[in-house]
Protein chains: 2
Amino acid sequence: MEESPGRTVRMRDVARAAQVSTMTVSRALNTPERVSPEVRQRVAEAVQAVGYVPNRLAGSLSSRRSNMVGLVLPSIENSLFAATVKGVSDVLRRAGHHLMIAESGYGPEAEEAAIRGFLEQRVAGLILHDTLHTEEAVRLIRRAGVPVVENGTLTPTPLDMVVSYSNREAARAMTRHLARLGYRRIALVTLPAAANQRSRDRQAGYRAALAELRRAVDPALMLEMPPGLASGAEALLRLMDRPRRPDAVFFAGDVLAVGAVLECQRRGWSVPGDVAIAAFDNIDLLAHLNPPVTTLRLPRHEIGVRSAEMLLERLSGRQTGPAAVDLRFEIIQRAST
Amino acid sequence: MEESPGRTVRMRDVARAAQVSTMTVSRALNTPERVSPEVRQRVAEAVQAVGYVPNRLAGSLSSRRSNMVGLVLPSIENSLFAATVKGVSDVLRRAGHHLMIAESGYGPEAEEAAIRGFLEQRVAGLILHDTLHTEEAVRLIRRAGVPVVENGTLTPTPLDMVVSYSNREAARAMTRHLARLGYRRIALVTLPAAANQRSRDRQAGYRAALAELRRAVDPALMLEMPPGLASGAEALLRLMDRPRRPDAVFFAGDVLAVGAVLECQRRGWSVPGDVAIAAFDNIDLLAHLNPPVTTLRLPRHEIGVRSAEMLLERLSGRQTGPAAVDLRFEIIQRAST
DNA sequence: CTGTGGTTTGATATCGGTATCAACCAGACC
DNA sequence: GGTCTGGTTGATACCGATATCAAACCACAG
């Protein structure tokens, strides 16, 4: 008797059933402590009886508040971001907020379109993985006045808030770690740096480490490759083909290191005997490969959690200023180095 | 001069600047062909000048149409779903729609909560990966009257539309494939089947294949394991520890097969010499492992694409009836079997 | 010059809630 | 009793767009 589709149940229907005004229904649902227990009970029953599902569109329009957060990722398919999404999602759900996801495809114009779309939906806040934005995107965000968290790297010029680890420091630490282990010729493979601040930061960290060690940077040992397993294998082969081979390769991107280790298996090369291999991300696979691969433990999940928390805090009006959160990373030494 | 935050720009501001009514602005933006070219131009300029960003909340409320689609996945972290999400996302974006994502955590109650949340936001349609729903969830959907696509498996009793491959047929095909290759004792490892229709369908397919081959099902060769690399390794060890070892193991879930192959590498077991290994999903890693692993090519991306397309078609009012789309899978024979 | 039909535009009500402020009530206090 | 207080409740005006219907306008046929 309550299932026929077609008629949407409005708050006024609940109000009628509970013999109160819509305003009281609204209060009973949103601020129950401001309604007498008896009425609260009547409203709850009426909600059940008529099968009321609140219309957040109307609510948000009227209150000028929204419970949606927009997240823009470079790529939805890249599983590295999954942990961050999960962190964001968990925190938001607990707070009764909802998550919208869009993809920037590694391009600022696509990011701008995504941001515009979110602002049209009047999201309460934005989480952006990229730190490079079009001028128009920045203008849109500024004008909308929504809080924003950037995630990709610890940019010195954040729009608003940043939550990340330092790509530069992480790359620097791993490079120094490899040097400490005795490797003399350490190669670095990154994703194309042109449109990718993260890759640039990692390269900078690598250079800084070598400089501190008073070693020259050999351009022949720095390579940029597209993402992917095959790509990692190819990078390794190219480097090993050089007149003066590296004795260690630091794959600072994606699953490149996995591809390289698998290629070593195929060639029968010993890791780390013939060449040591280090990775940048703690995907579980790295721990199970043969040999297990030295890598960095990055706070992917925590980035999501903290980003969402900071947004929520800002929305609740408690915190005001911009903020930068520098999360810790950690080196996991395994048999591959 | 147009950047000060605080004042939100409304359609009436555009109207004033363009010297027309809000209704004409609305038309110029949504149905430009119904506005004279000259006015259309004036409105476009006014939009630029005042920096107008439409409020979709108001628009959707008024028109009773929405451009948001809700997607509920068992797990956001599981990278298997990424391809589907990508497919959905691409199609929606092109159509000017937006994607909201929530997680059911493999539980119908969590799914119900997610669905309720989406309906409160008045999504235009839903895409659900699970096919098991609470009664209340079904009621909510029915009453809301939104189109729904289910994805997980080809359920015989869909809520509305289904887009999937047949888990049963896929498992059956792979089992027969292994038999054809000459394997006599074929083991099956799945995820826990209790709350997972997909696992049950795969088990059913395996049983059906054996029945057709007039072989008995040996319960000692059927195992249920939680997801994960370590889990796959352990499953393999358990099976190989049995008095009568399997000569082939079909890992019908997640990354179990990867864990198993890596364990074989560690033990120095030859694949497929000591034991053949087959997987269920075409993650690229499987092609690069040593040996490369026989598996199924599943239409993950296409499921997303078709799901979104069917929703959009329904929303545009063209199609009316329920529908089931059975997408093709394919066996990829590699060196591991 | 009038009538007809098609196109372009605007006035107004409405979508389903919330903000705001006023009304009401019981008890405390003078 | 009168006044004040705090706690509940409701009337009403929005929030920012779109649906609907009517008016204005235009060209052209009769």
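Reader: In this predicted model, against which elements do the buried residues of α8(B) pack?

Author: A helix in a fold is read through the neighbours of its buried residues. Those of α8(B) pack against strands β6 (186-190), β8 (248-251), β9 (276-278), β10 (295-297) and β12 (330-332) of chain B, together with helix α9 (197-212) of that chain.

Reader: Which residues of α8(B) are buried?

Author: Burial is judged from relative accessible area, with under 20% taken as buried. In α8(B) this applies to B:Asn167, B:Ala170, B:Ala171, B:Met174, B:Thr175, B:His177, B:Leu178 and B:Ala179.

Reader: How many residues does helix α8 of chain B have, and what is its reach?

Author: One compares the span between the end C-alpha atoms with the value expected at 1.5 Å a residue. Helix α8 of chain B, residues 167-180, has 14 residues and reaches 20 Å, close to the expected 20 Å. Just after α8(B), B:Gly182 takes a positive phi of about 105°.

Reader: Turning to the two chains, how many residues of chain A are in contact with chain B?

Author: An interface may be read by its contacts and by its buried area. Here 54 residues of chain A are in contact with 54 residues of chain B. The area buried between chain A and chain B is about 5200 Å², and carbon and sulfur atoms give 56% of that area. On the side of chain A, the residues that lose the most area to chain B are A:Leu57, A:Glu120 and A:Arg143, together 15% of what that side buries.

Reader: How many salt bridges does the rule find across the interface of chain A and chain B?

Author: The rule pairs a side-chain nitrogen of Lys or Arg with a carboxyl oxygen of Asp or Glu, within 4 Å. Six salt bridges are found between chain A and chain B. In the one between B:Arg56 and A:Glu120, the closest N and O atoms are 2.9 Å apart. Residue pairs in polar contact between chain A and chain B number 25, both residues at pLDDT 80 or more.

Reader: Which element gives the largest share of the side of chain A that touches chain B?

Author: The largest share, seven residues, comes from α5(A). By residue class, the side of chain A that touches chain B divides into 25 nonpolar, 15 charged and 14 polar residues.

Reader: Is A:His98 buried or exposed?

Author: A:His98, in strand β2 of chain A, is buried, because its relative accessible area is 14% and the cut-off is 20%. Among the residues that A:His98 touches are A:Asn67, A:Met68, A:Val69 and A:Leu92 from chain A, and B:Met100, B:Gly117, B:Phe118 and B:Gln121 from chain B.

Definitions and conventions. Residues are numbered from 1 along each chain as its sequence is written. Chains are lettered from A and ligands numbered from 1 in the order in which they are written. This is a predicted model: local features need pLDDT of at least 70, side-chain atom pairs count only at pLDDT 80 or more; totals for chains, interfaces and linings use all residues. Side-chain values use heavy atoms; hydrogens and water are left out. Contact means heavy atoms within 4.5 Å. Buried area is the accessible area (1.4 Å probe) that two parts lose on being put together, summed over both. A polar contact is a pair of N or O atoms within 3.5 Å; within protein, one must be able to donate a hydrogen and the other to accept it, and residues adjacent in sequence count only if both atoms are side-chain atoms. Helices (H or I, at least four residues) and strands (E, at least two) are DSSP runs, numbered from the N terminus. Ala, Val, Leu, Ile, Met, Phe, Trp, Tyr, Cys and Pro count as nonpolar, Asp, Glu, Lys and Arg as charged, and the others, Gly among them, as polar. The expected span of a helix is 1.5 Å times one less than its number of residues. Buried means under 20% relative accessible area, exposed over 50%, partly exposed in between (1.4 Å probe, protein chains only). Lists of a residue's contacts leave out its neighbours within four places in sequence.
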